[in-house]
Amino acid sequence: MATSTRLFDSDSDWLSHTLTNANESLPEIQTTLPDGTCIVRKAVGVLLVTPPPNRENPNHEALIVSAGIHGNETAPIEVLNALLNELLNEEWQLACPLLLILGNPPAMVAGERFVDTNLNRLFSGAHDKLTYKGLPEAARAQFLEEACREFAETHSQALSHYDLHTAIRPSRREKFALYPFVPGRQVPKAQCDFLLEAEVGTLLLQHEAATTFCSFSSSFLGAESFTIELGKVRPFGLNKLQRFEGIKTALRRRFCGAAAPIRQASTAPLTTFEVVHEILNTGKNFRFYIPDTVANFTEYPPGTVIWEDDDTCYRVEQSPQAIVFPNPNVPVGQRVGLMIRPVRL
Ligand SMILES: O=C(O)CCC(=O)N[C@@H](CCC(=O)O)C(=O)O
Ligand SMILES: [Zn+2]
């Protein structure tokens, strides 16, 4: 049962509280801001924020915003924490219910992508697999699924989920979003406009359901979900936060329930790609021919061999393909990269 008190010590904020208590299992606690906004700390790094019941929610929506699913992707964590501080300082008023999540606090403390296993491969029930039994990240995935499910069931408004990340490699397209696969799904125009408002100019359409956080919220909760890559991984304190103003401003606008800005005719539309092939570490003498240092969206002409193993040789066919997330240092069965090609929406 939540009790009404301070959420954090007086010299602390959400981020420092989350880092200090990363390995604690704390009881739920609740506080109410002077304007009636209710904040429940469901667990370390998980806040349910609800505007007072009489306040209008002009966009008729509920939002899940997560960061730190990978502990070393610090800039989006700092952005979310800064937005929460603004709310606590009464700089603006919240219009819609919010579930704010810092995904993997122990990995944030370690400054690592994960501690035992990649949290963003454990959703949609994958946390139940025997391989992950007893791992704290599996328990966290299960807890986050439950928190999101409860949030979706309590709030009948249109649900969006933005899972904020930064990428390991440099990128020829600095900011890009991934749209999880759900059969028959079309990207709503309002979501495309939101991405552009957030200075995210590129969209990548996934080709199949996955075990990522966004694939879960999209497939199981019917949310409009996007994994958003906002720049490059850097340790806390070393982020150029002015490069993240776009997402911060766009999220703040949604939190306040303000109308979307009118899109200028001169604004370029989203550049869209689709996944044509997911490279998996097959283990069977798997050989990956893309250098570790290559930037996301580097293009390869037809004929280029990307990977091979004892059974298969994957070669680019017909038209050029680009690579995103090249990373051969993953366990057998996990993703080494995505091959993509441009598509018209
Ligand atoms: O830069 C990288 O290699 C990874 C960045 C990252 O964490 N990306 C997400 C994308 C999730 C998705 O495929 O929708 C991930 O790998 O979990
Ligand atoms: Zn990430």
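**Ligand 1 shell, a helix pair and R263**

By class, the shell around ligand 1 holds 5 nonpolar, 6 polar and 1 charged residues. This is a predicted model: local features need pLDDT of at least 70, side-chain atom pairs count only at pLDDT 80 or more, and totals for chains, interfaces and linings use all residues. Residues are numbered from 1 along each chain as its sequence is written, and chains are lettered from A and ligands numbered from 1 in the order in which they are written.

Colleague: Which charged residue belongs to the shell around ligand 1?

Modeller: Asp, Glu, Lys and Arg count as charged; Ala, Val, Leu, Ile, Met, Phe, Trp, Tyr, Cys and Pro as nonpolar; the others, Gly among them, as polar. A shell residue has its C-beta atom, placed from the backbone, within 6 Å of the ligand. The shell includes H70, N120, H165 and T212, and its 1 charged residue is R169.

Colleague: Are α4 and α6 roughly parallel or oblique?

Modeller: The axes (lines fitted to C-alpha atoms over the stretch in contact, with angles from 0 to 180 degrees between N-to-C directions) of α4 (residues 136-154) and α6 (residues 213-221) cross at roughly 40°. Angles under 35 degrees count as roughly parallel, over 145 as roughly antiparallel, 65 to 115 as roughly perpendicular and the rest as oblique. Therefore α4 to α6 is oblique.

Colleague: Is R263 buried, exposed or partly exposed?

Modeller: Buried means 20 or more other C-beta atoms (placed from the backbone) within 10 Å of the residue's own, exposed 12 or fewer, and partly exposed in between. R263 lies in the loop between α7 and β11. Because R263 has 13 other C-beta atoms within 10 Å, R263 is partly exposed.

Terms used:
Helix = DSSP H or I, 4+ residues; strand = E, 2+ residues; numbered from the N terminus.
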